[in-house]
Amino acid sequence: MKPALLLGLSASAAALNVNRRGAIAGASASSAQVALPNPAVAATEAKLALPKMGIGAWAWGDSLFWGYDPKEDAELEKVFSFVAARRDGFVDTAELYGIGRSESLVGQFEKRHGKVTVASKFAALPWRTSRDDVVKACEASLKRLGRDSMELYQIHFPNAWANEAYWDGLGDCYEKGLVKAVGVSNYGSDAVKAVSKTLSARGIPLLSNQIQYSLAYPFANSNGLKQTCDDLGVKILAYSPLGLGLLSGKYSLANPPKGPRKKLAESFFSQPASAELLAAIAAVQKKHDASPTQVAINWCRAKGAVPIPGCRTLSQVTQNYASLGWSCDASDMAALDAAAAKLAPLVEKAGFPEKDINTGLKMFDS
């Protein structure tokens with residue numbers, strides 16, 4: 001999630017119906033110990049195999065950031081049907097997306113078009129401070145999805161406290177059979193190492209870290225986060241691989257997107273480095289007879305990440321999946337990397353807590 005997403009999360013959090021009792025009072029306490037399974041047995045379980053790419057369903061129900069209208073549901077169902085028809089269909093959603101609307105749509109569409117690999121996310125809101133909060137939220141997500149279990153459950157973003165309790169909750173969801181794999185999102189290097197160590201003690205692998213990762217936001221390459229994930233065998237799920245649409249070819253400084261993305265677009269297109277990056281993308285695009293979005297997606301794939309671009313129309317999802325028909329070569333990657341490395345961040349400070357105030361653990365890097 002990008003900093004602009006925090007605009008949407010703030011409104012979503014205010015509307016989310018969760019139990020706030022005893023929130024701050026218990027924030028510094030870790031959750032109670034539970035009997036652990038034999039790590040040697042649990043560790044033998046194979047990791048969930050993720051597809052080469054998927055789709056993000058943030059816009060499915062989100063009216064604040066993406067201007068969702070229920071009239072779009074028919075087109076969204078076409079998108080889902082396209083993905084479900086593939087053997088490797090993968091949809092990423094979250095309880096905060098449309099305050100559960102996104103999950104509900106995925107559940108409805110699955111009933112009519114068949115199962116896909118589903119990932120959802122727990123919102124680490126300030127008043128949620130226990131491992132049970134994670135389990136209850138997972139159960140509520142499953143109810144909206146119309147499922148008994150899901151393939152991947154993730155912590156959506158860091159909190160300023162209670163992060164260790166969330167990791168215990170992830171483990172509980174896994175051991176209860178509610179999820180087949182667990183991951184995190186928007187975690188920095190130190191936090192990824194810490195949660196991986198905690199879960200490993202229970203014989204549970206950390207499958208993924210979902211981060212903002214694109215040619216417009218390549219900073220995981222330089223701040224050590226990608227290297228940490230690679231070293232630990234943690235797969236990067238790349239959200240906003242099209243840079244919130246800034247790499248799609250649809251926008252410019254004279255024609256920015258509307259809403260919260262406008263300021264980010266102005267920050268991006270006003271940089272001289274953005275023109276160099278877009279020229280590099282255009283060169284690769286011409287070479288492979290591709291679209292700008294396909295170049296952006298395949299850059300992520302070449303980095304070993306699983307891109308999950310947002311899709312709202314059948315034409316978008318069709319074009320995105322066509323990227324799997326070709327790959328960037330070494331010269332493509334060298335040119336794209338060189339241009340992306342010159343970009344400055346689009347914002348000065350992100351909206352996630354950077355440190356756990358009780359443990360001192362650095363939670364967020366980018």
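Trainee: How many bridges join strand β3 to strand β4?

Mentor: Keep in mind that we're looking at a predicted model. Strand β3 covers residues 117–122 and strand β4 covers residues 150–155. The two run parallel, and the bridges joining them number four.

Trainee: And which residue in β4 is the bridge partner of Ala-119?

Mentor: Ala-119 falls within β3, residues 117–122. Look across to β4, and its bridge partner there is Leu-152.

Trainee: Zooming out, which strands are the edge strands?

Mentor: The sheet is open, with eight strands in the order β1-β2-β3-β4-β5-β6-β7-β8 and parallel pairing. An edge strand here pairs on one side only. That gives us β1 (55–56) and β8 (306–308).

Trainee: What angle does the direction of helix α7 make with that of β5?

Mentor: Helix α7, residues 163–175, packs on the sheet and touches β3, β4 and β5 (179–185). Set the helix direction against that of β5, and you get about 160°.

Trainee: Which helix gives the most to the lining of the largest pocket?

Mentor: That pocket holds about 650 Å³ of space. It has 36 lining residues, and among the closest to its centre are Trp-66 and Gln-316. The lining divides into 15 nonpolar, 13 polar and eight charged residues. With three residues, the top contributor is helix α13 (residues 314–321).

Trainee: How far apart along the chain are Trp-60 and Phe-109?

Mentor: These two form an edge-to-face aromatic pair, 6.0 Å centre to centre with 65° between the planes. Trp-60 sits in the loop between β1 and α3 (63–66), while Phe-109 belongs to helix α5 (residues 101–113). So the pair links distant parts of the chain, with a separation of 49 residues.

Terms used. Residues are numbered from 1 along each chain as its sequence is written. This is a predicted model: local features need pLDDT of at least 70, side-chain atom pairs count only at pLDDT 80 or more; totals for chains, interfaces and linings use all residues. Side-chain values use heavy atoms; hydrogens and water are left out. Two strands pair if DSSP finds at least two bridges between them. Contact means heavy atoms within 4.5 Å. Axes are lines fitted to C-alpha atoms, for helices over the stretch in contact, and angles run from 0 to 180 degrees between N-to-C directions. On a 1 Å grid over the protein atoms alone, a cavity is a set of points where a 1.4 Å probe fits but cannot get out, and a pocket is an open set with protein on both sides within 12 Å along at least five of seven lines; lining residues have an atom within 4 Å of a point. Grid points are joined across faces, edges and corners, and a volume is the space filled by probe spheres set on the points. Ala, Val, Leu, Ile, Met, Phe, Trp, Tyr, Cys and Pro count as nonpolar, Asp, Glu, Lys and Arg as charged, and the others, Gly among them, as polar. Rings of Phe, Tyr and Trp (its six-membered ring) pair if their centres lie within 6.5 Å; planes under 30 degrees apart count as stacked, over 60 as edge-to-face and the rest as tilted.
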